[in-house]
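Colleague: I should like to go through the terms applied to this model, one by one. Please set each value against its definition.

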Amino acid sequence: MRMVIAGGHGQIALRLERLLSARGYEVAGIVRRVEQGDDLRAVGAEPVLVDLESASVEEVAAHLQGADAAVFAAGAGPGSGAARKDTVDKGAAVLFADAAVRAGVRRFIVVSSYGADPGHPGDEIFDRYLRAKGAADAYVRGLDALDWTILRPGALTNDAGNGLVRLEAHTGRGSISRDDVATVLVELLETPATAGLTLELISGSTPVAVAVKSVAGN
């Protein structure tokens, strides 16, 4: 099976690519810069050079042809200005979703954020970020051609993952390691019954596989 990950050089994406590759998947990661390719190859992923801020739907769809699933894990990053929240966190997500539809890729997962809401108030950069993520989530949820899952992790840490999480429609505030986010993403990809769900994720006491089966109704 082939998985294509937008934002392939991101901290969560690199962890996800390593896990998927280790499970025998063919993994491609979309990156903006040639020099990022070696890091993807090191974790078993194929780098695909595309700038999601300037590419067309047709260009991105060409790289999604034949994929079994797509994951949007791109982000403008904490150091970016307000404009890139709209062009990356919203615009690139919309583009990637449209490209998946064009390429006939049904399974689609978005790495969103706790608190994402198109109506989130405030004028700070982080407020713009939450509005952009919320607008992107709403757009994806409106696409009947996608079997989408929206994952909204809490505050991200670089702690070693322990595989114990709280995964629910509403968890309340909390933190979660990037390791555990990547592990949850693998389980979501392998659990089609999670399509149509918007899920919040923080550290907890439930093993990842059990948590995913629970929200899937298994």
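Modeller: Let us begin with Glu200, whose side chain reaches the backbone nitrogen of Thr171 at 2.8 Å. That is a polar contact by definition, a pair of N or O atoms within 3.5 Å, where within protein one must be able to donate a hydrogen and the other to accept it, and residues adjacent in sequence count only if both atoms are side-chain atoms. This is a predicted model, in which local features need pLDDT of at least 70 and side-chain atom pairs count only at pLDDT 80 or more, while totals for chains, interfaces and linings use all residues. Residues are numbered from 1 along each chain as its sequence is written, and side-chain values use heavy atoms, with hydrogens and water left out.

Colleague: What makes Glu200 a residue with no salt bridge?

Modeller: A salt bridge requires a side-chain nitrogen of Lys or Arg within 4 Å of a carboxyl oxygen of Asp or Glu. The nearest side chain of opposite charge to Glu200 is Arg152, at 5.3 Å, so the cut-off is not met. Lys and Arg count as positive and Asp and Glu as negative; His and the chain ends are not counted. Glu200, in strand E10 (residues 197-203), is nevertheless buried.

Colleague: Which side chain joins Arg152 in a polar contact?

Modeller: That of Asp137, at 2.9 Å. Asp137 is found in helix H5 (residues 125-141). Helices (H or I, at least four residues) and strands (E, at least two) are DSSP runs, numbered from the N terminus.

Colleague: Why is Asp137 called buried?

Modeller: Buried means under 20% relative accessible area, exposed over 50%, and partly exposed in between (1.4 Å probe, protein chains only). Asp137 has a relative accessible area of 0%, and is therefore buried.

Colleague: Why is Glu46 called partly exposed?

Modeller: Its relative accessibility is 36%, so Glu46 falls in the partly exposed class. Glu46 lies in strand E3 (residues 46-49), and its side chain makes a polar contact of 3.3 Å with the side chain of Arg2. A network of salt bridges links Arg2, Glu26 and Glu46.

Colleague: How do you know that Arg23 and Glu187 form a salt bridge?

Modeller: Their closest N and O atoms are 3.6 Å apart, so the pair satisfies the salt-bridge rule. Arg23 sits in the loop between helix H1 (11-22) and strand E2 (26-31), and Glu187 in helix H6 (residues 178-189), 164 residues apart. Arg23 is partly exposed at 44%, whereas Glu187 is buried at 15%.

Colleague: What makes Glu58 and Arg102 a salt bridge?

Modeller: The N to O distance is 2.8 Å, so this pair also qualifies. Glu58 lies in helix H3 and Arg102 in helix H4, so the pair ties together parts that are 44 residues apart in sequence. By the salt-bridge rule, the count comes to 13.

Colleague: How many aromatic pairs are there, and why is the pair of Phe72 and Phe96 called tilted?

Modeller: The whole structure holds three aromatic pairs. The rings of Phe72 and Phe96 have centres 6.2 Å apart and planes at 45 degrees, so the pair is tilted. The rule pairs rings of Phe, Tyr and Trp (its six-membered ring) with centres within 6.5 Å; planes under 30 degrees apart count as stacked, over 60 as edge-to-face, and the rest as tilted. Both Phe72 and Phe96 are buried.
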